Amino acid sequence: MLLRFSVENFKSFKQRVEFSMLPSRVKSHPAHVIRAKNTKDISVLKSSIIYGANASGKSNLIKAMRHAQAMVVEGAKLGKNLPYDPFRLDQSCATQPTRFEFEIKSGKQNYAYGFSADHKAIYEEWLFEINKSGETSVFERSLQNNQSQFDFGPLKFKNKEDEQFLQFTAKGTPTNRLFLAECYERNVLTNLNYLTAFVDVSYWFHEKLNIVFPNSKYHGLEMQLHVGNDNADMLARILNEFDTGVAGLSLKEIDFNKELPELPSSVKQDILQEIDEKEAIFVAGPRNTRYQFVRDETSQVKAFKLMTKHLDASGEEVLFDIFQESDGTQRLLDIAPGLLDIFSKDKVYIIDEIDRSLHSEITTSLLNTFLNLTCDVQSQLIVTTHESNLLNLDLIRRDEVWFTQKDKLGATSLYSLEEFQPRFDKDIRKGYLVGRFGGVPVIKDLFSEFKGANCAS
């Protein structure tokens, strides 16, 4: 689970901002809080909603999380520049590193992991175990004279060989690569799996944190249908419940050579070369078409297209291409599978613009369904949105609502509704729309002079 995230000098964030999933003293909706299991543990919220005007920086907050996750999961190639996108409206920021820090709950512990970097090097990297009473260092890294220096503090090893292995990995970590990523690549997590802090934090970034952008495409449906996974049937039920007209999902087998004119021959050749026996490759084609390619036991490559099923007047099934569905239905196909995941698993799903192409009733229902069905699951849902109907204290807590806003110099600030402490019975939706909490666009009457001139004529 995510406890807190902070970022500094990234895109529209100049100064350090902090996003928190820690609950306040709000007493409403107690089921929205995953309670601490002991006096040293930390309670955490299950959901959060982030509002802001267009270009105010709410999507940049999600991009900051994804940027940091990619550096942990994908690493960096030797000799290549690191991705670096500092605040550009102050020239001094171009010479300063970007800083990211996550506080998370993974396994049985809480951790603080972060780093600072520019396009050339990792300047700092750290990992601490944290609880209410304090913190314990797992490792700290700093850059001195273009060399990374590591301090493993009180870390305990089973033997000298294990200690030397970790020291050797640290010494071999390039200055442009995160140590956590290097540990993953060099099998430190497998060979020294009793060092649970490394295992827990790396696993969280690889498996627990899931970020969905407006253009993200979910490519698990094809395999779930292929193996008869119950999630595919459940997703079809969800689509049907939301009155999309979709009665089911199907994989239609097509001819690899004759029925894929939209895929370039170079792509087809890559598929034939890369796919191994009994493996599957997923490809997104034009107009949101989705394909699965499988090499069977006879070494033949079979092609399947993802289709939706509708029922005609006589109850017979009719197959539709994905692009023939509405934008809202296509968006649900990308969002709903993740929601099915967090209904039963310890996952963190962050969805940017959850309301994109969706009716307000569907957006509200998605959030409400998550909160009602995951009381006993340690999962979280964090979304950005413009959907003001979610600002309802009968649905959410005050400490679950955040706003982004840019100042006159173009820097984004981030703040919680809790800072305003509106009365429990106050209509916060109305307050938001009239600008009481910020986070809404200030629209100037740009055409007043033209209107005036037109009326005068």
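Helix 10 (residues 360–373) lies across strand 5 and strand 18, running at about 155° to strand 5. Contact here means heavy atoms within 4.5 Å, and helices (H or I, at least four residues) and strands (E, at least two) are DSSP runs numbered from the N terminus. Angles run from 0 to 180 degrees between N-to-C directions, with axes fitted to C-alpha atoms, for helices over the stretch in contact.

The model is predicted: local features need pLDDT of at least 70, side-chain atom pairs count only at pLDDT 80 or more, and totals for chains, interfaces and linings use all residues. Residues are numbered from 1 along each chain as its sequence is written, and side-chain values use heavy atoms, with hydrogens and water left out.

Strand 5 belongs to an open sheet of six strands with mixed pairing, in the order 11-17-18-5-19-20; two strands pair if DSSP finds at least two bridges between them. Neighbouring strands of this sheet are turned by 15° against each other on average, direction ignored. Strand 5 (residues 47–52) pairs with strand 19 (residues 401–406) in the parallel sense over four bridges, and Gly52 stands opposite Thr404 in strand 19.

The two helices that follow lie across strands.

| Helix | Lies across | Angle |
|---|---|---|
| Helix 9 (residues 327–344) | strand 11, strand 17 (348–351), strand 18 (380–384) | about 160° to strand 17 |
| Helix 10 (residues 360–373) | strand 5, strand 18 | about 155° to strand 5 |

In the largest nonpolar core, of 62 residues, Phe19, Phe102, Tyr113 and Phe198 touch the most other members. Such a core is a set of buried Ala, Val, Leu, Ile, Met, Phe, Trp, Tyr and Cys residues joined through side-chain atoms within 4.5 Å, buried being under 20% relative accessible area (1.4 Å probe, protein chains only). Helix 1 (residues 58–73) gives the largest share, seven residues.

Key. Buried means under 20% relative accessible area, exposed over 50%, partly exposed in between (1.4 Å probe, protein chains only).
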